[in-house]
Amino acid sequence: MPDHRIRKQVHLAAHFPGVNHHTVWNDPGSGSQIDFDSFVHLARTAERGLFDFFFLAEGLRLREHLGRIHDLDVVGRPDTFTVLNALAAVTTHLGLAGTINTTFNEPYELAKQFGSLDHLSGGRAAWNAVTSSDAFTGENFRRGGYLEHAKRYTRANEVVDATRALWDSRAGHELIVDRERGVFTPPAPTVRFSSDQFDIEGQFVLPRSPQGYPVQIQAGDSDEGREFAAAKADVIFSAHGELEDGQRFYTDVKDRLAKYGRNRDDLKILPAAGFVLGDTPEEAAEHANAIRHQQVSPQTAIAFLEQVWGRDLSGYDPDGPLPDIDPAENADITRGRVRHAKDPRAVAAAWRAKAAAERLSIRELIIATTARQQFVGTPRQVAAEIDRYVQSDAADGFVLVPHLTPTGLDEFVEKVIPELQELGSFRTEYTGTTLRDHLGLRHPHHGTEGVRAS
């Protein structure tokens, strides 16, 4: 039997997939991205699997490519708070995490919305705070949302600080009803918060929520993003999935915590990952290859290439070689999507070198370069590999992104979770009630209150 006493526990979250190149939305087994039953199915499956939380992404505008809507990704779905509050009524332990933008939302509204979700769910709310400097998206908002790149984390920090000031204002000031006079005593304290972005003076309406603060998630990878996470986040939704890359990121971010008076266990690092299972390694590999070709259609391959080349490449054969022309600087060819590649010529040069060395067509190259971390094998192999990453300090767990909606997590829960439990790396029951309990995080107002890692 494995020694269960010294093993780190694996933390798992379930990402509700959007329509993008990771989701096989046209598969016969794929369901609705909008029907509430789809959200319920994935959430209840995750809770049956004893996952830490359900993760819902957000999109604020339909993406455009070459002036046309290319894909819907995580937009076109019901409002995040509406979905999560509804899921609170049909789950009992599962954490409920929503991506909400700090550029386009105000602190008081966010404090009330997330505070309400934390109350209604009994302490299971989480906020993935993201930024945007995208004027294209900002056109949907009355004041415009454009912020220079350098200012977006300044605003994000101030938004988080302001919401926490509002939540903190009710710490120790619970509502007390004087039944004879019919008033609340003591009066709610006045909140005063002033910064470059905000000048807030008023009273917050809700008593302190069960977790003090909802769990804070962050997904940025720049140096500013890593500092923001080290100072304020409880969870990083990381893009660093490969083992050695993950270990470097893990060490870098965890080493930053001490200067903010935080312990290494105060921040969990959870990369996104996919998975493909089979009865044999060969069957799993064959299935994974078929899925990748479903995910990256010929049209999708050309669209990805156009994002780097900055020009219409519809005349090129996706099963042929890369273009012999140089990229053009055209940041607007795809609008509404974050551009991680800042130097198109450098990306094109690297892609050409890879395609030449491995004799890859356009489509094969895009399949190889756009794949996220993926665990492929038998259920026992996948469990062992997930466990290896966690025990090797490459991650504290994973946000699993199935390729089918909403049934893509079913097989993982049925077959891989028991293998992780056999290894002694995963809970066999929930031992706490809040998301902070599940993640082993301290309560922000009471030191170690709520630390019941399970």
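Helices α9 and α11 are roughly perpendicular to each other, because angles from 65 to 115 degrees count as such. Their axes cross at roughly 75° and come within 9 Å. Keep in mind as you look around that this is a predicted model.

**Two crossing helices**

Two packed helices are described by the angle between their axes and the distance between the axes. Here, helix α9 covers residues 298-309 and helix α11 covers residues 362-369. On the α9 side, the contact is made by Pro 298, Ala 301, Ile 302, Phe 304 and Leu 305. On the α11 side, Ile 362, Arg 363 and Ile 366 take part. Sorted by type, the residues of this contact are seven nonpolar, no polar and one charged.

**The nonpolar cores**

Which residues have the most contacts inside the largest nonpolar core? They are Leu 12, Phe 51, Phe 54, Leu 409 and Phe 412, in a core of 43 residues. Many parts of the chain feed into this core: the strands β1 (11-15), β2 (53-56), β13 (268-277) and β16 (397-400) each supply at least two residues, and so do the helices α1 (36-48), α2, α12 (379-391) and α13 (410-423). Apart from this core lies another one, of 22 residues, with Ile 100, Ala 162, Phe 193 and Phe 198 among them.

Leu 409 is a good residue to click on. Leaving out residues up to four places away in sequence, Leu 409 touches Ala 14, Leu 42, Thr 45, Ala 46, Phe 51, Phe 275, Leu 400 and Pro 402.

**Strand β13, wrapped up on both faces**

Strand β13 is largely enclosed by the rest of the structure, because 10 of its 10 residues are buried. Lys 268, Leu 270, Ala 272, Gly 274 and Val 276 point one way from β13, while Ile 269, Pro 271, Ala 273, Phe 275 and Leu 277 point the other way. Strand β12 (residues 235-238) runs parallel to β13 and is joined to it by four bridges. In this pairing, Ser 238 stands opposite Pro 271.

**A small open sheet**

Now find three strands that form an open sheet, in the order β4-β3-β14 and with antiparallel pairing. β4 (68-69) and β14 (334-335) stand at the edges with a single partner strand each, so one side of each has no neighbour in the sheet. Strand β3 (residues 64-65) is joined to β14 by two bridges, and His 65 stands opposite Thr 334.

**Buried or exposed?**

The table lists the relative accessible area of five residues that you can look up in the model.

| Residue | Place | Relative accessible area |
|---|---|---|
| Leu 94 | loop between α2 and β5 | 0%, buried |
| Lys 232 | helix α6 | 13%, buried |
| Lys 8 | segment before β1 | 23%, partly exposed |
| Leu 66 | loop between β3 and β4 | 28%, partly exposed |
| Arg 359 | loop between α10 and α11 | 78%, exposed |

What does Leu 94 touch, leaving aside its neighbours within four places in sequence? The list is Ala 43, Ala 46, Glu 47, Phe 51, Asp 52, Phe 53, Phe 54, Arg 124 and Tyr 430. Asp 52 is 42 residues from Leu 94 in sequence, and their C-alpha atoms are 6.0 Å apart in space.

Lys 232 counts as buried because its 13% is under the 20% cut-off. Not counting residues up to four places away in sequence, Lys 232 touches Asn 157, Val 160, Asp 161, Arg 164, Gln 216 and Arg 262.

Lys 8 brings together distant stretches of sequence: Lys 8 and Asp 393 are 385 residues apart along the chain, and 9.3 Å apart in space from C-alpha to C-alpha. Beyond its neighbours within four places in sequence, the contacts of Lys 8 are Tyr 250, Val 390, Gln 391, Asp 393, Ala 395, Asp 396 and Ser 425.

**Backbone details**

Where should you look for a positive phi in a residue other than glycine? One place is Leu 66, with phi near 55°. Arg 359 also has a positive phi, near 55°.

Finally, visit the loop between β16 and α13, where Pro 406 is placed. The peptide bond leading from Thr 405 to Pro 406 is cis, with omega near -5°.

Technical notes. Residues numbered from 1 in each chain as written. Predicted model: local features only at pLDDT ≥ 70, side-chain atom pairs only at ≥ 80, totals over all residues. Heavy atoms only, no water. Buried < 20%, exposed > 50% of the residue type's maximum accessible area, 1.4 Å probe, protein only. Contact = heavy atoms within 4.5 Å. Pairing = 2+ DSSP bridges. Core = buried A, V, L, I, M, F, W, Y, C linked by side-chain atoms within 4.5 Å. Axes fitted to C-alpha atoms, helices over the stretch in contact; angles between N-to-C directions. Parallel < 35°, antiparallel > 145°, perpendicular 65-115°, else oblique. Nonpolar A, V, L, I, M, F, W, Y, C, P; charged D, E, K, R; others polar.
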